[in-house]
Amino acid sequence: TSATSTPTITGTATLGAGEFLSVEVDGIVYFNSGSQLNLAGNVWTLDIINDIDPDGTYEVIATATDQAGNVSVDTTVGELIVDTIEPSPPSVTPLNTNDTSPSITGTAFLEPGEFLEVTVNGTTYSQLSGDISFSGLDWTLVIPEANALPEGRYDVAAVSSDGAGNTTGDGTVDELGIDLTPPPIPTVDPLTTADPTPAITGNASLGTGETLQITVNGRSYSV
């Protein structure tokens, strides 16, 4: 299976004195006396330079011929599959967490024979090895504790691949943030009042994405 329309095709042939090899692909016949079909020992290599189009399955007919005109033809069929179509791009759901072994999620539409790999902090996890689970189009990767992530921001590189070697990556970067640092401790100003609906004050330094919650007499208020 080839992801290019100009593949390199290989095979074997044992030629005696005066015998020659021809290989036919997509209606074009190549001979081992030419520049594209080369024989090294018993291994032949054919470099296709004219685009094979459209994508599909093609017969590669290898024929050995002797000086008397006797021929031997290979017995296999449908040896060449040209597939230049890239998989659909996967996605990664942004996540900020204090869990150093987080569950990372996203989506991927995979055709039969396609698979997903996800790389985080230099480690690649594969659907083929069971690292990534699927529910419909939704995928989940749980970072194992052995690969726990230090605090920081990480790119989650999700890549869909097919059997021909075509790949498509997600279009986002730095989707994962591990934050182990708690916000600064807020303060509450002491208050004694005869007002049953008092204004309570204090101080809080909130960073981007941080929130403040105040609980009084069992009721919580968010700022």
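In this predicted model, strands E10 and E12 (residues 103-107) run antiparallel to each other and are held together by two bridges. Within this pairing, Val-92 sits opposite Gly-106 of E12. The two strands belong to something wider: an open sheet of four strands, in the order E10-E12-E16-E15, with antiparallel pairing. Strand E10 (91-92) and strand E15 (132-135) take the edge positions with a single partner strand each, so one side of each has no neighbour in the sheet.

A second open sheet, again made of four strands, follows the order E14-E13-E18-E19, and its pairing is antiparallel too. Here the edges are strand E14 (123-126) and strand E19 (167-169), each of which pairs on one side only. Leaving direction aside, neighbouring strands in this sheet are turned by 25° against each other on average. Zooming in on one pairing, strand E13 (residues 115-120) meets E14 in the antiparallel sense over four bridges, and Val-118 is found opposite Tyr-125 of E14. The loop between E13 and E14 holds Asn-121, a residue that comes up again below.

At the other edge of that sheet, strand E19 contains Thr-168. Is this residue buried or exposed? Thr-168 has a relative accessible area of 11%, so it counts as buried. Leaving out residues up to four places away in sequence, Thr-168 touches Glu-86, Pro-87, Ser-88, Pro-89 and Pro-90, along with Ala-158, Val-159 and Ser-160. One of these neighbours also makes a polar contact: the backbone oxygen of Pro-87 lies 2.7 Å from a polar atom of the Thr-168 side chain.

Now for the strands with lower numbers. E2 pairs with strand E7 (residues 60-65) in the antiparallel sense, this time over six bridges, and Glu-24 has Ile-61 of E7 as its bridge partner. E7 is also joined to strand E8 (residues 71-73), by three bridges and again antiparallel; in this pairing Thr-65 faces Val-71 of E8. E7 and E8 make a hairpin with five residues between them, and Gly-69 in the turn has a positive phi of about 95°.

E2 has a part in the aromatic contacts as well. How many aromatic pairs are there? The count comes to one aromatic pair. The partners are Phe-20 and Phe-31, whose rings are tilted, with 6.2 Å from centre to centre and 50° between the planes. Phe-20 is in strand E2 (residues 20-25) and Phe-31 in strand E3 (residues 28-31), 11 residues apart. Both rings' residues are partly exposed: the relative accessible area is 33% for Phe-20 and 40% for Phe-31.

A few spots in the backbone deserve a closer look. Most residues other than glycine have a negative phi, and most peptide bonds are trans. Asp-26, in the loop between E2 and E3, has a positive phi near 55°, and its 38% relative accessibility makes it partly exposed. Asn-121, the loop residue mentioned earlier, likewise has a positive phi near 55° and is partly exposed, at 46% relative accessibility. The peptide bond from Asp-53 to Pro-54 is cis, with omega near 5°. Pro-54 lies in the loop between strand E5 (43-47) and strand E6 (56-58).

Finally, the chain as a whole. There are zero helices and 24 strands. The radius of gyration is 31 Å, well over the 17 Å that the globule rule gives for 223 residues, so the chain is more spread out than a compact globule. The C-alpha trace spans about 115 × 30 × 25 Å along its principal axes. Of the 223 residues, 27% count as buried. Looking at contacts between residues at least 6 apart in sequence, 57% join residues at least 24 apart.

One last pair of residues gives a feel for distance along this chain. Asn-217 and Glu-79 are 138 residues apart in sequence and, C-alpha to C-alpha, 76 Å apart in space. Asn-217 sits in the loop between strand E23 (213-216) and strand E24 (219-222). With a relative accessible area of 80%, Asn-217 is exposed.

Methods:
Residues are numbered from 1 along each chain as its sequence is written. This is a predicted model: local features need pLDDT of at least 70, side-chain atom pairs count only at pLDDT 80 or more; totals for chains, interfaces and linings use all residues. Side-chain values use heavy atoms; hydrogens and water are left out. Two strands pair if DSSP finds at least two bridges between them. Axes are lines fitted to C-alpha atoms, for helices over the stretch in contact, and angles run from 0 to 180 degrees between N-to-C directions. Rings of Phe, Tyr and Trp (its six-membered ring) pair if their centres lie within 6.5 Å; planes under 30 degrees apart count as stacked, over 60 as edge-to-face and the rest as tilted. Buried means under 20% relative accessible area, exposed over 50%, partly exposed in between (1.4 Å probe, protein chains only). A polar contact is a pair of N or O atoms within 3.5 Å; within protein, one must be able to donate a hydrogen and the other to accept it, and residues adjacent in sequence count only if both atoms are side-chain atoms. Contact means heavy atoms within 4.5 Å. The radius of gyration is taken over C-alpha atoms; the globule rule is 2.2 Å times the number of residues to the power 0.38.
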